[in-house]
Amino acid sequence: KMSAPNAKPFTVLVEGNIGSGKTTFLEHFQQFEDITLLTEPVEEWRNLRGWNLLDLMYKDPSKWAMTFQAYVSMTMLDMHRRPTSTPVKLMERSLYSARYCFVEHMMRQGTLHPAQFAVLDEWFRFIQREIPIEADLIVYLKTTPSVVYERIKRRARSEEQCVPLSYIEELHQLHEEWLVSRTFAECPAPVLMIDADLDLTQITEEYKKSEHQILRRAVNVVMQ
Ligand SMILES: Cc1cc2cn([C@H]3C[C@H](O)[C@@H](CO)O3)c(=O)nc2[nH]1
C-alpha cells in the first residue's frame, strides 16, 4: 500500500466518446485500494430537485443545452476538488472534455447561442485561472463511432435513444482534435491511448497495459 501523505493525488482523467467503456474501465481499478474512483455523476444530471436535465437537454437541445452544461461543469468542478486520502484518483471525464468536446460541439452546431457559449467559456477560463485543478494523465478510450453507436443502442439508456450516429461521429472528431491532433485546445496532461473498440473479453489486456503505466507514474509522483 502506497501510504501517501496528504499530497495532491496523482489524478487520471478517463476520457472518451459516449459508450466508449469509461465506467467499465474505472470498475477494473476497483481492485486497487490506493485508487479513488470518481464516476460521472449522471444520476445528479438526471435528477436535480426532480428535474431530469439530461432528458430535457436531449429532447430540446437549443432550450436546455446551456442549463445542462452549466450544471455538468459545476458537478465536474466538485469532482476535481474532491479531497482523496489515496495517492491516486481516477475521474470519469473532466472540466476539459466538458469545454473542449461537449460545449465546443454545441457551439459549432449552433445549439448554444454565441452569447451562451461566451458565458460558459468565461466560466471555464475563470476556473482555470483561479482554481487549481490537478491533471497528471489522460487515458483516452479511443473508439470507432459505429462501434459505440451499437453499444449505446444495446445499453439503451432511455435519454440517449434518439442520439443520431452523426452526433457520435462529431463528438469522436472533437476528442481526436483535442487529444490526438491537438489542433484547437490545450491538452492538460500526457495522453495514454487505449483501443476501446475491443470487446470485454479482449480489453482486459489493454487495461493491464494502462494499469502498469498508471501505477508506475503514480509511484513516481508519490515517491517524489
Ligand atoms: C463533462 C461532460 C460530460 C457530459 C456528458 N454528456 C452526456 C453524454 C451521455 O449521453 C451522458 C452521460 O455521459 O451525458 C453531455 O451531454 N455533456 C457532458 N459534459
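This briefing covers the fold, the nonpolar cores, the ligand site and three single residues of one chain. The model is predicted. The chain has 9 helices and 5 strands. A ligand is surrounded by 17 residues, and the protein covers 99% of the accessible area that the ligand has on its own.

**Overall fold**

- Along the sequence, the elements follow the order β-α-β-α-α-α-β-α-α-β-α-α-β-α.
- The radius of gyration is 17 Å, close to the 17 Å that the globule rule gives for 224 residues, so the chain is as compact as a globular protein of that length.
- Taken along the principal axes, the C-alpha atoms fill a box of roughly 50 × 40 × 40 Å.
- Buried residues account for 50% of the 224 residues.
- Take the contacts between residues at least 6 apart in sequence: 75% of them join residues at least 24 apart.
- The exposed surface of the chain is about 11,000 Å². Carbon and sulfur atoms supply 54% of that area.

**Nonpolar cores**

- The largest nonpolar core holds 45 residues. Tyr96, Tyr167, Ile168 and Trp178 touch the most other members.
- Elements giving two or more residues to this core are the helices α2 (42-46), α3 (53-59), α4 (61-81), α5 (95-108), α6 (114-130), α7 (145-155) and α8 (165-181), along with strand β4 (137-142).
- Helix α4 gives the most, with 8 residues.
- Another core lies apart from this one and has 20 residues. Among them are Phe32, Ile35, Leu137 and Leu192.
- Trp178 has many partners beyond its neighbours within four places in sequence: Glu15, Ser94, Tyr96, Ser97, Tyr100, Cys101, Ile138, Phe184, Ala185, Glu186, Cys187 and Pro188.

**Ligand site**

- Of the 17 residues around the ligand, the closest are Glu40, Tyr58, Gln69, Arg93 and Glu160.
- Glu40 places a polar side-chain atom 2.7 Å from an oxygen atom of the ligand.
- Tyr58 also has a polar side-chain atom 2.7 Å from an oxygen atom of the ligand.
- For Gln69, the partner is a nitrogen atom of the ligand, and the distance from a polar side-chain atom is 3.0 Å.
- The ligand on its own has 420 Å² of accessible area, of which the protein covers 99%.

**Leucine 120**

- Leu120 sits in helix α6.
- Its relative accessible area is 10%, so Leu120 counts as buried under the 20% cut-off.
- Leaving out residues up to four places away in sequence, Leu120 touches Met66, Gln69, Ala70, Val103 and Leu112. Gln69 is also one of the closest residues to the ligand.
- Tyr71 is 49 residues from Leu120 along the chain, yet their C-alpha atoms are separated by 11 Å.

**Two arginines with positive phi**

- Arg49 is in the loop between α2 and α3. Its phi is near 50°, a positive value in a residue other than glycine.
- Arg49 has a relative accessible area of 81%, which means it is exposed, as the cut-off is over 50%.
- Arg93 lies in the loop between β3 (88-92) and α5. Its phi is about 65°, positive although Arg93 is not a glycine.
- Arg93 is buried, at 7% relative accessibility. Arg93 is also one of the closest residues to the ligand.

Terms used:
Residues numbered from 1 in each chain as written. Predicted model: local features only at pLDDT ≥ 70, side-chain atom pairs only at ≥ 80, totals over all residues. Heavy atoms only, no water. Core = buried A, V, L, I, M, F, W, Y, C linked by side-chain atoms within 4.5 Å. Buried < 20%, exposed > 50% of the residue type's maximum accessible area, 1.4 Å probe, protein only. Helix = DSSP H or I, 4+ residues; strand = E, 2+ residues; numbered from the N terminus. Contact = heavy atoms within 4.5 Å. Near = heavy atom within 4 Å. Polar contact = N/O pair within 3.5 Å; in protein donor to acceptor, adjacent residues only side chain to side chain. Areas by Shrake-Rupley, 256 points an atom, 1.4 Å probe, with all protein chains shown as cover. Rg over C-alpha atoms; globule rule 2.2 N^0.38 Å.
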